[in-house]
Each structure stands twice: as C-alpha cells, then as structure tokens.
Amino acid sequence: MIREMIPMDLMEAHRNRALTPDRPMLRGTTSNPDTFFQAREASNPWYDQAADHVVDTMAQFAELTGRQYKPFEYHGHPDAERVIIAMGSSIGTIKEVVDRECSLGQKVGVLAVHLYRPFSAKHFLEVLPVTAERIAVLDRTKEPGALGEPLFLDIMATLTEAFQLGQRATLPRVIGGRYGLSSKEFAPNSVAAVFEELTQPLLAMRSRFTVGINDDVTHLSLPLLSNYPLLHTLGYNSIMYGLGSDGSVSAAKSTLKLLGDHTDEYVQGYFVYDSKKAGSMTVSHLRSRPYPIDSTYLIAYADFVSCSQWSFLTKQNMLDKLKHDGIFLLNSPYDADHVWDHLPFEVQTEILARNARLYVINATDIAHSTGMGQRINTVMQMAMLWLTEQLPQSGLLALLSDTIAKTYCSKGENIIQANIRALEQTLERLQKVETTQAVANGEMSPPPVSMEAPDFVKAVTGVMLAGKGDELPVSAFPPDGTWPTGTSQWEKRNIASELPEWKADLCTQCNYCVAACPHSAIRVKVVDPVVLEGSELESIPFKGRERKGQSYVLQVSPDDCTGCNLCAVVCPAKSRTEEGVKSLNMVPKVEPVDDKRSLFEEFLGLPEVQRKEMERIDIRNIQYVQPLFEYSGACSGCGETPYIKLLSQLFGDRLLIANATGCSSIYGGNLPTTPYTKDANGRGPAWANSLFEDNAEFGLGYRLSVNHHRERAKRLLSEQGEAILGAEARDALLATPEKSYPEFYHHIDQQRQTIEQLKTQLAGQATAESFLNSVDYLVDKSVWIIGGDGWAYDIGFGGLDQALSTGENINILVLDTQCYSNTGGQHSKASPTGSTTKFAVNGKSHKRKNLAAQMMMYDHVYVAQVSMGAQMNQTVKAFQEAEAWNGPSLIIAYSPCEEHGYDLANAFDHQKLTTEGGLWPLYRHQPSEDGKGKFNLDSKAPKADALKQILSSERRYKKVMENDGADFLADIEQAVDAEFGYWTTVSEHNKQK
C-alpha cells in the first residue's frame, strides 16, 4: 500500500537532486539584502499548492484503506449555529458532547483542524457551516502579550477576509480560548462550558477565555458544569493506583492487550504519572467498550478501582470515582477479618456510602515469597481480571501463564516460574471483606501536611499532595515562578515496605550508611550526653578522640525512607555470632510507625554539628553536618543524589546551583515539593533550572553576576568600612584566604559575624540601603553547574567547553549515569562499549568520550573522576579541591542507575567493581598558578576478574556477553589496560615536572 502511494518518478527526481560531486551544485549560500527577499518569495507556488496535494494524497489513501482524512473535518448539526474549532486530541471529547447536544435538539458542531500549516482558507470555508453565527476557537498554548493564540488569529483572519471578499454573507462572532496546557484535563464539562458561553448575548461573551481552571486573577475562566451527564453507559471502566516501579502500569498495559486480543471489546488506556522519578503515584485509566472509543479524557466513574499501596489511603481519596456497587481491590498487610479496623475513617465512609465490594490481597507478601521483590504487577493483574470477569475465569490462569511465558522468555525460566507461582497464590489468597454489618469507626486520616508547616505549604503544597492541584485557583501561584525551598520535609511519602533497624552494639560509626542514603532518610548526630537525658533516643559513646565523651545517635525517618536497602548492604559491621546480621538490617515496616516518627522528630531537634568545629573533613565527619538536600523524589537507590547531598553538606550555606534539565531537575525542582532546604540561619542552596543546551553558560552567568555584586560590595566597603568597623575589621572582611578546609569555614564564620555587626550599625540609614543590599556578597558564593552526561557529553558540550575555557571560578558536576536516564535510557557519548541502551540495542560499538582528558587540555581546569562507592574519601577530597581552586573545575561522578540493570541496593559494590575492573579509573588533576600542577591517579591497575564480574552482573552488558562474550571481554580488557596506561603515563609525566 505504501509503495502504491509513492510516486516513483518524483522519488527519482528527489534522489537526483542530492548533492554529489558527479553533478556539483551549491546550497546554503549567504544572501545579502539585495536578493534575500526575492529568494524567499520564490518558493511561494509550492506552499500555495501544498494543501491540494494533501487532499489528493488523502483521497488516494482513502481508496486503498477506506479511511478518509481531510485538512478540515466538520462533525455535528448540518445547520449548526454554535461551532467549536480545535485540533488534536480534544476533538474526540468535543465530538461526544456535540453528539449528545444534537440529540437534544441543539444546533452545535465541531470543526477539526488536521492541516495547520500551510493553512488553507479555501478548504476551511468549504466545511464550515454557513449557518455558524458563534464560534469558539480553542488553542492548547499561551502566547503572552499577543492579541490571541495562533489558531484563533488564523481563523479571525480567514473569516474577516472571506466576509470582505463576499465569500461569506455574514461575519460570525468569534471568541478564543485556552485549554489543556501541560495536559490539563479537558473533559466533557469543559466542552459544555464553551458551548454555554456561546449562548450568551453577543456583547456579554468573553472575547478571550480559559477553560478547565479557576482564574480568580484576570477572571477569564469559564464556570464548569459539575454534574454534566455520564456520556457512556456501556463497557467497563477501571482505575488502578500504583507506585512508580512496582509494575502497576505494566500490569495495566498488559491487561488492555489481553482484553483487546481475547474479546470483541475496543480498549483504551490513559496513564497519569507525576513528573518525579520511580516511587511516585501512577494512575492507570482503562476503558473497554463494544464500540470505538473517542473519550480522550480520564475516567470519572469507575466500575473497578485498585490500590497497590496501603499508604495511599491516607494521601488521596482512592474511592471518589468508584460507582455505586463497584469493586475496590486493596493491597493490604491485613487479612479480611482484620483490615476493616485499620482502614481510615474516610475510606470506611466511602465504602459504605457507595456499597462498594471490598477485596484484599497481600500482594507485597506474595511478591516477596515468590521471588519477585517489589514487583506486584502480576498479583494485582490476576486479582483484577478475576474480580471483573472481563475474561472467563475458567481459562484465566492458563491465559496469563502463557502470556507470562512469552513476555519473560528472555529473562529466564526462574522469572517465568516466579510469576506463575504469584498467579497461583493470588487465587488462593484473594479475600472478600464483608461490610454489610460494618460501621465507620476508623481513625481520621492526618492532613496532607503537618499543621506546623508554613502557611504556603498548607494552602498550596498540601492541596497538591492530596491530588487536588486542579482545584487551586490562579491566585495561589507565584506569578514569577519562584517557590520556597525546604518543602519536601512536609511530604512524608511513607512508601517503604521495609526499614533499616540499627543494632547499636555492632556499629563502628563509619557513617557509610548515611553517606550512601540517596534520600537523606538516615541521619547521624554527635551530641553532649546531657542533651539526651530523659530521651528515648538510642545512643552509644562516640568513638574518636575529637569528640570524646559525647554520644553518637543514629535515626531513620520512617516516612521518608524508600526501603532501597542500600544502607544495609553498604554497612561493613557484621555480627561475629549471628550469620547475616549487621549493624543495619532491613526489617518489615509495621504500621503504625508513630513511635519511630516521634523519635525522628526528636532527633531533628538535637543540636547540629557545625563545619568549623571539625578537625578534619572526611566522609565520616561530614555526615554529622545537616544535609541541605533531603527527601527527594529520586528513584529508590538513586546513584546521583548522594553527590548532591554531599555537596550541600560541604558548601550548602553559600551554594548556587545552575541545573541542566534531566533527572536532577525532576527530583530537584519538581512540584509540589523540593528537597533543597535551609539551615537554622535560613541559608541554603539557591537553585534554578535551565535548558539542556545552555546550562553551562547559564551557570557562568551566575558567577559573573556574583562577581559584580561582590566587587561592588568591596568597593563600598573600601570607601566606608574603615569609618564604620575600623581598618582591621574592614581588611579582614576584604581578605580572601586560601580555601583550606576546615580552616576556611572559620573564616566564613568570622566574615558573617562582622557583616552582622555592619548591618546593625547601618540599620535605618537611608544612604546605606545600597550597601546593605550587597554586603552579603562579601562572603563568596560557591557556584556549581550540575547535569547529567546527556547534557555534558552531548547536547550541552559546546557550552560546557566554552564555560570552562573562560577561567572563571565555576564548578561543574557531571552526574554520569552513562545514558539518558531521564528519558528512558537512550545511549549518550558517555555510554560504555558494549552497553545495551535505546538506540544501541545490540550494544554500543565504540568507546565512550573521554571528557576528562579533553578538559585537561586546558591547563587552568581542575578535573576529577570520582565514584563514591569505590572511594568515598577520594570523592570528598575532589569536591573540596575543586571548590578551593580559584578557577574552573570539572568533576565527573559515576552514578549508578536502574537503567544499568541490577538491584541498586548493591550499587556501591558495583561502583567498586567498576573501578577495580578499569572501567572507571579514579584521578584528580590539580592545576596551579605556576603551571606545574599535580595529577593523582587514585585507583590501581585493572583486575581481570573484577572486570568480568561487572560485565556479567549488569543487564546492559548481557546481550553482548551472551553473543560475543569471549571476544568482547578480551577487547574490553585491552581497552581498559590501554586507558589505565594512558593515565599512568600522565601521572609519571607529572612527577617529572
């Protein structure tokens, strides 16, 4: 069919226009003002004829397939008086409302735009009913400052010109509206509101409007009809609430495929994710109907609702969309005889009011017992299909078993059998809860955020956390896009099924667990024993001379831990008497966790250790400092966030971050909460996000701006400081000592004390306002530019190179996951040879870019390659050296990712093996002002056994290892030896300087 539609003579003509030295020609000339205009106009005939060519081609397509498409299509009453014009997925929803309104005698219609550019006025006017008197044009975009949005302006121009030329007898009243920005829900009641607006008197109609939101600022929004009738009564609607990475979305998609393949039903799925990483709520909306589905909106009335996480019950209303007599399936740690007494009061009330049929299953326990870990998708899918009876129960087990065998054939027989065992246990353990005699006697759910939270968090963030962000009015939002930091502390996701338990008597106080925790959920403090008198916090004597006599306290936040198990695996302290027992061990979380929650809150109130109090800065000591990056929405076990947490502990109170779009923008600056927070003095990281392509330049702008502010403050201090503070204090404030840690922290503290003295003396003086606005810049800011390898190696490389070449005092941190983690694992120039990624499904065939070596060509750039799991203290040292260097620095940090294909609980072991095997050598290149510099090769020669182990244990290398294992291993051994030889040569050459 496709071949029949391709005119081969035109195809050959196109090929003959290719650039070739056999028929040389020139393209891409630079035109001057005398000819550019004419040259641009020369292509007009082709654009003028394009719409007719599309019509002819679509007519040919219709003859071949029976499916007709046109540039513009009208649907509705032939003599419509009110018409909506729109394009895209909204058309299906509008059609449904048009059909209903027409059945009630209303003369309404919808005109769908399929060919927007070139816009053909001729074809548009052919399909628009001549009877149309009132038209609403919908745009899914916002053009600030324009008279209207693009489609609206095109329609206005077309109709006005047609009226002026006599092609239309009347000029309809046309209004323009915005809808659906960022996938905002556009449901039938929104369409009804637009048609309702078109019934208003001509002068009363809003010329510009919005629909689907509450605009209480410019009052453009249309009121929505809250009780617009249900449009479809046939079919089956299901909603599945899941947790990102628990398999719920996969189960929903598999269910749709089964229903589509094994029934006569049409199926449709909509999947709602927030933009955080794995570990956030997902909502799957599944429809099946005996006729084609045009409902391009979410389900409002469901026959079936499932909830895969017990903690969701107190976070959002799981039942507000369940029909009367509908089915509610709950993954519950409690059986049918006991679950009712543990349900929140609101859930009990909803179940009784809707006469819901409640079923429970301990999917988490089944997944663990059958070897499926956290993946509960098979259990929930089987339970759903069994209860809804959309497929015959008699053959359901066999059908799903066969599907599993086909789906997981590449994963191995063990995975297949584990899933089949989960199916069988589901049928054995699925239970119905009798509610006929039940009463609502449960405890009330807590508010979305604590009542101790700031007003903004309660009024805005809390509403968003409760899943009711759609209800917030325009006035609730900061018009300049500036949001407060420190809000993740109020979220309390409570998603872990297991928590680490501390056996204090085994603890070596190494603090590896705290350093490794991706979410800052496990903390440690050292305090005076007097502070702990009367406290239930467990503590042990501090081991070490610098704080001898103090108490060591470790605590876990039960609401913020994700249960990744990384802390327990990295813990080196093992029992000599109990096999497998460590100082930290994962144990099942038993609700309620009020006692653990109270202990953690008490722990947070203990005095913080200040950087200036430390004798030395290493991975152990820096963990006593409050992290100013906490409780992020990163994936469980994330390999990036420990580096950012460390950065915040070292420099957080004077940290400026320019962030490239990617994972770090999603877990770092994604609403409703942000993990960057403040210390007791109100200081903390200031963060802004930029585009992929220009983040390095964006961060360079930070430094130039800070320099300007600082020089201005220095000038004013030089002019006025002696009279206010005296010469000695002024000179101390102006001094810039060498950044040697922890001594430099003392200097900062002294500077801030002097600045506070200065502020006190200048307070209230009108002439000092300008000085006071700049004085905090006398404490130099630490500028860090952060992003992933897709940004640094690929799309933003040119800007990164330019920023480093300037010599300005910026620090670049590359969180190198060796792929585009945020968009699904596509390969980047950082992807290693042999790794399987999207766009490299057979394994990458060439070497990764050596970004570090490239940047070392600049003599003035500090460069380090680090891996926290391989050498924690080398990482700390690199961060300190980079920040201390009065020039540009680049740190490339190996960051394990779930795209690598192993349990991230073992991430630190994999980092160590990756370095030992030679795939990630560690080094630090320190430039100096005299040009000599220093190079430290911090890792040893590659070990063949470690290399083989890492290549065999990560799924990304599996395909190449299976197909070409021996040759591939030999090639990689040769490559890592060659690279290590290169760095050895660099190191030896450096020693000879």
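**View 1. Strand S12 at its border with S13 in the predicted model.** In this predicted model, Tyr359 of S12 stands opposite Lys432 in S13. Strand S13 covers residues 431-433 and runs antiparallel to S12, with 3 bridges joining the two. S12 itself spans residues 357-361. The strand is mostly covered, with 4 of its 5 residues buried.

**View 2. Strand S12 beside S11.** S11 (residues 322-331) pairs with S12 in the parallel sense. The two strands share 5 bridges. Ile327 stands opposite Arg357 in S12. Helix H10 (residues 345-353) joins S11 and S12 in a right-handed β-α-β unit.

**View 3. The open sheet of 7 strands.** The strand order is S8-S9-S7-S10-S11-S12-S13, and the pairing is mixed. The edge strands are S8 (266-273) and S13, each of which pairs on one side only. From one strand to the next, the twist averages 20°. Within the sheet, S7 (residues 236-243) and S10 (residues 302-307) pair in the parallel sense over 4 bridges. Ser238 has Phe304 in S10 as its bridge partner. Helix H12 (residues 377-388) packs on this sheet. H12 touches S7, S9 (281-289), S10, S11 and S12. The direction of H12 makes about 150° with that of S11.

**View 4. Helix H12 and its surroundings.** The helix has 12 residues and reaches 16 Å from its first C-alpha to its last. That is close to the 16 Å expected at 1.5 Å a residue. Is H12 enclosed or open to its surroundings? Of its 12 residues, 11 are buried, so H12 is largely enclosed by the rest of the structure. The cut-off behind "buried" is under 20% relative accessible area. The buried residues include Asn377, Thr378, Gln381 and Thr388. Val379, Met380, Met382, Ala383, Met384, Leu385 and Leu387 are buried too. Glu389 follows the helix and has a positive phi, near 55°.

**View 5. Strand S4 and its two parallel neighbours.** S4 (residues 134-139) is mostly covered, and 6 of its 6 residues are buried. Arg134, Ala136 and Leu138 point one way from the strand. Ile135, Val137 and Asp139 point the other way. Both sets are buried, charged residue names such as Arg134 and Asp139 among them. S2 (residues 82-86) runs parallel to S4, with 4 bridges between them. Across that pairing, the bridge partner of Val83 is Ile135. S4 also pairs with S5 in the parallel sense, over 6 bridges. Here Leu138 has Gly177 in S5 as its bridge partner. S4, helix H7 (residues 150-164) and S5 make a right-handed β-α-β unit.

**View 6. Two nonpolar cores.** The largest nonpolar core has 86 residues. Which residues have the most contacts inside it? They are Tyr552, Trp784, Leu813, Phe879 and Ile891. Take Leu813, leaving aside its neighbours within four places in sequence. Its contacts are Tyr643, Trp784, Ile785, Ile786, Gly787, Trp791, Phe879, Ile891 and Ala893. Another core, of 38 residues, lies apart from the largest one. Among its members are Leu800, Tyr894, Trp920 and Tyr923.

**View 7. Two cis peptide bonds ahead of proline.** The bond from Leu671 to Pro672 is cis, with omega near 15°. Pro672 sits in the loop between helix H21 (663-669) and strand S20 (686-690). The bond from Tyr741 to Pro742 is also cis, with omega near 10°. Pro742 lies in the loop between helix H23 (727-734) and helix H24 (743-762).

**View 8. Positive phi at Ser182 and His219.** Ser182 has a phi near 55°, a positive value in a residue other than glycine. Its place is in the loop between strand S5 (173-178) and helix H8 (188-197). Is Ser182 buried or exposed? At 77% relative accessibility, Ser182 counts as exposed. His219 is not a glycine either, yet its phi is positive, about 55°. His219 lies in the loop between strand S6 (208-210) and S7. This residue is exposed, with a relative accessible area of 52%.

Terms used: Residues numbered from 1 in each chain as written. Predicted model: local features only at pLDDT ≥ 70, side-chain atom pairs only at ≥ 80, totals over all residues. Heavy atoms only, no water. Buried < 20%, exposed > 50% of the residue type's maximum accessible area, 1.4 Å probe, protein only. Pairing = 2+ DSSP bridges. Right-handed = clockwise from strand over helix to strand, strands pointing away. Axes fitted to C-alpha atoms, helices over the stretch in contact; angles between N-to-C directions. Contact = heavy atoms within 4.5 Å. Core = buried A, V, L, I, M, F, W, Y, C linked by side-chain atoms within 4.5 Å. Expected span 1.5 Å × (residues − 1).
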